[in-house]
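Me: I've got a model open and want to check the labels people put on it. Can we go through the reasoning behind them?
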Amino acid sequence: PFDIIVVTAAPEQIPQPLLDQLAENGRLVIPVGAPSSVQELILVEKKKGHIEKSRLTFVRFVPFKRL
């Protein structure tokens, strides 16, 4: 598990594998939204086994592509 994950491309939804790799008290910062539109920068925190999401600001990132 990772304490901090920073994603620099925007998926339309937060990928479950990233949430699965988040350590207890870990943080994930990820842009989320449709390609070619305004997206939201989301802070995800794992506390006591639960996922908490906070919206930080609006952004525009390149699309997230799975290989």
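Reply: Sure. Start with the cut-offs: buried means under 20% relative accessible area, exposed means over 50%, and partly exposed is in between. Keep in mind that this is a predicted model.

Me: Why is Glu52 called partly exposed?
Reply: Glu52 has 38% relative accessibility, and partly exposed covers what lies between under 20% and over 50%, so the label fits.

Me: What makes Lys47 and Glu52 a salt bridge?
Reply: The rule asks for a side-chain nitrogen of Lys or Arg within 4 Å of a carboxyl oxygen of Asp or Glu. For Lys47 and Glu52 the closest N and O atoms are 3.7 Å apart, so the pair passes. Lys47 is also partly exposed, at 35%.

Me: Which residue does Arg55 form a salt bridge with?
Reply: That's Glu40, with the closest N and O atoms 3.3 Å apart. The pair links distant parts of the chain: Arg55 sits in strand β4 (residues 50-59) and Glu40 in strand β3 (residues 39-47), 15 residues apart. By the rule, the count comes to two salt bridges.

Me: Why is Arg55 called exposed, and Glu40 partly exposed?
Reply: Arg55 has a relative accessible area of 67%, and exposed means over 50%, so Arg55 is exposed. Glu40 has 22%, and buried means under 20%, so Glu40 counts as partly exposed.

Me: How do you know that the radius of gyration agrees with a compact globule?
Reply: For 67 residues, a compact globule would be near 11 Å, and the chain has 12 Å, so the two agree. The elements run β-α-β-β-β from the N terminus on.

Conventions:
Residues numbered from 1 in each chain as written. Predicted model: local features only at pLDDT ≥ 70, side-chain atom pairs only at ≥ 80, totals over all residues. Heavy atoms only, no water. Helix = DSSP H or I, 4+ residues; strand = E, 2+ residues; numbered from the N terminus. Rg over C-alpha atoms; globule rule 2.2 N^0.38 Å. Buried < 20%, exposed > 50% of the residue type's maximum accessible area, 1.4 Å probe, protein only.
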